[in-house]
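Biologist: I have not looked at this model before. Please take me through it one point at a time.

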Amino acid sequence: MSMIPSFFGNRRSSIFDPFSLDVWDPLKDFPFPSPSFPRDENSAFVNTRIDWKETPEAHVFRADLPGLRKEEVKVQIEDDRVLQISGERNVEKEDKNDTWHRVERSSGKFSRRFRLPENTKMNQVKASMENGVLTVTVPKEEAVKKPEVKSIEISG
């Protein structure tokens with residue numbers, strides 16, 4: 001068994017091959033869906049992955065939403081500092097004369113919610129979408145300067 005994966009086919013399926021493309025699911029024969037690998041073809045889109053990073057100036061969220069237009073995505077802020085990113089990709093219309101060989105692109109609704117820290121400027125949130133990547137920027141309030149503590153020497 002080769003330890004180097006073949007990118008040109010002739011893949012052997014083995015549980016001992018660390019580069020095997022086959023994923024073993026111990027729950028696949030049970031009548032309920034496996035929590036680790038959902039059977040629903042739409043699950044990849046429903047569980048949209050979002051990155052959240054904090055810079056000195058802002059909290060920045062990035063979501064990969066390939067094939068969606070900005071009109072199909074909603075970004076909302078709730079009163080209790082909750083950022084919600086949601087949307088829906090509709091299933092392509094089928095023509096009766098078409099023969100589908102494989103359907104791998106996801107469709108369906110998604111919604112992700114994030115509780116923002118108290119130091120955010122909720123009224124200055126900006127969102128943009130470019131090349132299928134949604135970027136939401138939530139500016140931070142300037143750090144409140146802590147009062148300087150000065151020790152006083154006690155005489156006596």
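Biologist: Among contacts between residues at least 6 apart in sequence, what share joins residues at least 24 apart?
Modeller: This is a predicted model, in which local features need pLDDT of at least 70 and side-chain atom pairs count only at pLDDT 80 or more, while totals for chains, interfaces and linings use all residues. Residues are numbered from 1 along each chain as its sequence is written, and side-chain values use heavy atoms, with hydrogens and water left out. A contact means heavy atoms within 4.5 Å. Among contacts between residues at least 6 apart, the share that joins residues at least 24 apart is 48%.

Biologist: Which pattern does the protein follow along the sequence?
Modeller: Helices (H or I, at least four residues) and strands (E, at least two) are DSSP runs, numbered from the N terminus. The protein has one helix and seven strands. Read along the sequence, the pattern is α-β-β-β-β-β-β-β.

Biologist: In which order do the strands of the open sheet lie?
Modeller: Two strands pair if DSSP finds at least two bridges between them. The edge strands, each pairing on one side only, are β1 (50-54) and β6 (126-130). The open sheet has four strands with antiparallel pairing, in the order β1-β2-β7-β6.

Biologist: Which residue in β2 stands opposite D51?
Modeller: Strand β2 covers residues 58-64 and pairs with β1 in the antiparallel sense over five bridges. Opposite D51 in β2 stands R62.

Biologist: Which residue in the hairpin of β3 and β4 takes a positive phi?
Modeller: Strand β3 (residues 73-78) and strand β4 (residues 82-89) run antiparallel and are joined by six bridges. I77 stands opposite L83 in β4. The hairpin has three residues between the strands, and the residue with a positive phi near 60 degrees is R81.

Biologist: Why is the pair of W52 and F114 classed as it is?
Modeller: Rings of Phe, Tyr and Trp (its six-membered ring) pair if their centres lie within 6.5 Å; planes under 30 degrees apart count as stacked, over 60 as edge-to-face and the rest as tilted. By this rule there are three aromatic pairs. The ring centres of W52 and F114 are 5.8 Å apart and the planes stand at 75 degrees, so the class is edge-to-face.

Biologist: Is F114 buried or exposed?
Modeller: Buried means under 20% relative accessible area, exposed over 50%, and partly exposed in between (1.4 Å probe, protein chains only). W52 has 37% and is partly exposed. F114 has a relative accessible area of 11%, so this residue is buried.

Biologist: Which residues form one aromatic cluster with W52?
Modeller: W52 lies in strand β1 and F114 in strand β5 (residues 108-115), so their pair ties together parts that are 62 residues apart in sequence. The cluster joins W52 with F61 and F114.

Biologist: How many residues apart in sequence are the parts that E78 and R113 tie together?
Modeller: A salt bridge is a side-chain nitrogen of Lys or Arg within 4 Å of a carboxyl oxygen of Asp or Glu. E78 forms one with R113, the closest N and O atoms being 2.9 Å apart. E78 lies in strand β3 and R113 in strand β5, so the separation is 35 residues.

Biologist: Which residues do salt bridges with shared partners join into one network?
Modeller: The whole structure holds four salt bridges. R69 meets E71 at 3.7 Å, N to O, and R69 meets E72 at 3.7 Å, N to O. The network is R69, E71 and E72.
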